[in-house]
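User: I am a first-year student and would like a close look at one part of this structure, namely its salt bridges. Please take me through them slowly and explain each term as you go.

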Amino acid sequence: MVSRRQTIIDAAVDLFSEVGYANTEIHDILKRGAITKGAFFSHFPTKEAVVSAIIAEADIRTEDVLIGVISSASSALENLIAPTLVVTDMTERDGLTRSANPLRQSATDANPAPAGAPQSR
């Protein structure tokens, strides 16, 4: 059984992919996930918190896959090439990972680093 938290994330991922982050309101997520306002706010204080959870989950999934690829007994050249292929495949097949990339960029665009601050990569 899928947890309410995961239902919220799944509904948000679908909506962000379909209509975009800016065009998705919390009530849209509630309707798509068939959850109550109370259930939403018991897990996430804001829509932005859902975005943070999506990005964090995508990062965990990507890291887990990359560790598996790099930990294999492949040649050094294969270990250089395989991660690119695996991440590309994940981005195409995994909706959460696919949604996380533009959400991460939107968050960066909305909150640029202060002048002189080190840039994250």
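Analyst: What follows goes through the salt bridges one after another.

This is a predicted model, in which local features need pLDDT of at least 70 and side-chain atom pairs count only at pLDDT 80 or more, while totals for chains, interfaces and linings use all residues. Residues are numbered from 1 along each chain as its sequence is written, and side-chain values use heavy atoms, with hydrogens and water left out.

Side chains of opposite charge can pair when their charged atoms come close. Here a salt bridge is a side-chain nitrogen of Lys or Arg within 4 Å of a carboxyl oxygen of Asp or Glu, and by this rule the count comes to five salt bridges.

One of them joins the side chains of Glu18 and Arg32, with 2.9 Å from N to O. Glu18 lies in helix H1 and Arg32 in helix H2, so this pair ties together parts that are 14 residues apart in sequence. The word helix stands for a DSSP run (H or I, at least four residues), and helices are numbered from the N terminus. Arg32 has a relative accessible area of 36% and is therefore partly exposed, a class that lies between buried (under 20% relative accessible area) and exposed (over 50%), with a 1.4 Å probe and protein chains only.

A second kind of arrangement appears in helix H4 (residues 47-70), where Glu57 and Arg61 both lie, four residues apart, or about one turn of the helix. Their side chains meet in a salt bridge with 3.2 Å from N to O. Glu57 counts as partly exposed because its relative accessibility is 27%, and Arg61, with a relative accessible area of 27%, is partly exposed as well. This pair also belongs to a wider arrangement, since Glu57, Arg61 and Asp94 are linked in a network of salt bridges.

Helix H4 takes part in another pairing, in which the side chains of Arg104 and Asp59 meet in a salt bridge with 2.3 Å from N to O. Arg104 lies in helix H6 (residues 95-110) and Asp59 in helix H4, so the pair ties together parts that are 45 residues apart in sequence. Arg104 is partly exposed, with a relative accessible area of 28%, and Asp59 is partly exposed too, with a value of 38%.

Key
Helix = DSSP H or I, 4+ residues; strand = E, 2+ residues; numbered from the N terminus.
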